[in-house]
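Reader: I am new to this structure and would like a close look at a single part of it, followed outward to its surroundings. Could you take me through that part slowly?

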Amino acid sequence: MGPEVASEEQLLLSTATAYPEALASMRWLRPEDFTTQLYGGLYRCLTSLASRGEPVDKVTVLWEAQQSGLLTPAFGPQEALELLDSPAGPPEHWGEQILRRALLHHAHLAGLHVQAFAQDLTNSPHQVITGSRRTLAHLAGVRARWQHATRQPTAPRPPVPASRAGPAQQRTRAPAASPRPSR
């Protein structure tokens with residue numbers, strides 16, 4: 001993890017603390033998308049507070065982090081408050097960056113897993129296919145969240161006119177006249 005990744009995650013945490021109303025629209029981002037477990041834990045604190053309807057500010061996030069056991073001698077209250085003190089930009093932007101990086105990471109891992117399945121000569125073709133499908137299914141879940149996060153609002157489509165043609169009607173012949181005379 002480079003300093004750019006950590007910086008994006010820190011910016012999301014501080015910006016989401018400053019603008020917690022954005023958390024409701026960011027349900028596509030999950031704590032496991034963060035590259036730093038500590039930052040994922042802090043994001044979980046933010047979303048927990050927001051989902052419970054409690055105020056989200058630096059002090060309540062710090063309290064929640066302490067209750068969750070995230071504070072350590074290396075990352076104490078002072079470091080937590082400093083981390084949450086520099087919001088910049090919209091939280092959705094930083095969340096998309098984090099999720100994009102998580103998607104690329106999962107795609108890379110999926111490729112490695114599929115390659116390992118294919119190169120293992122003890123695997124039957126069925127085992128290769130089954131293992132690959134399981135790996136790709138997890139990737140599809142992350143991809144679906146990415147698509148949800150980056151979906152552009154679309155203009156409402158005009159309604160499709162109803163078809164004037166009705167269902168095909170069966171043509172039935174009138175019963176043939178009976179050769180018997182009627183009485």
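**The largest pocket and the helix packing**

Author: In this predicted model, the largest pocket has a lining made up of Pro20, Leu23, Ala24, Met26, Arg27, Leu29, Arg30, Tyr43, Thr47, Ala50 and Ser51. The space in this pocket comes to about 210 Å³, and its lining residues, sorted by class, are 7 nonpolar, 2 polar and 2 charged.

Helix H2 spans residues 37–51 and packs with helix H3, residues 58–67, at an angle of about 115°, their axes lying 9 Å apart. The crossing in which H2 passes H3 is right-handed. On the H2 side the contact is made by Leu42, Cys45, Leu46, Ser48 and Leu49, while H3 contributes Thr60, Val61, Glu64 and Ala65. Taken by class, the residues of this contact of H2 with H3 are 6 nonpolar, 2 polar and 1 charged.

Another helix pair may be read in the same manner. Helix H5, residues 91–119, and helix H6, residues 125–150, pack with their axes 9 Å apart and at an angle of about 170°; because angles over 145 degrees count as roughly antiparallel, H5 and H6 are described in that way relative to each other. The contact of H5 with H6 has 14 nonpolar, 7 polar and 4 charged residues.

Technical notes: Residues numbered from 1 in each chain as written. Predicted model: local features only at pLDDT ≥ 70, side-chain atom pairs only at ≥ 80, totals over all residues. Heavy atoms only, no water. 1 Å grid on protein atoms, 1.4 Å probe; cavity = no way out; pocket = protein on both sides within 12 Å on 5 of 7 lines; lining within 4 Å. Points joined across faces, edges and corners; volume = space filled by probe spheres on them. Nonpolar A, V, L, I, M, F, W, Y, C, P; charged D, E, K, R; others polar. Axes fitted to C-alpha atoms, helices over the stretch in contact; angles between N-to-C directions. Helix = DSSP H or I, 4+ residues; strand = E, 2+ residues; numbered from the N terminus. Left-handed = near helix turned anticlockwise from the far one by under 90°. Contact = heavy atoms within 4.5 Å. Parallel < 35°, antiparallel > 145°, perpendicular 65-115°, else oblique.
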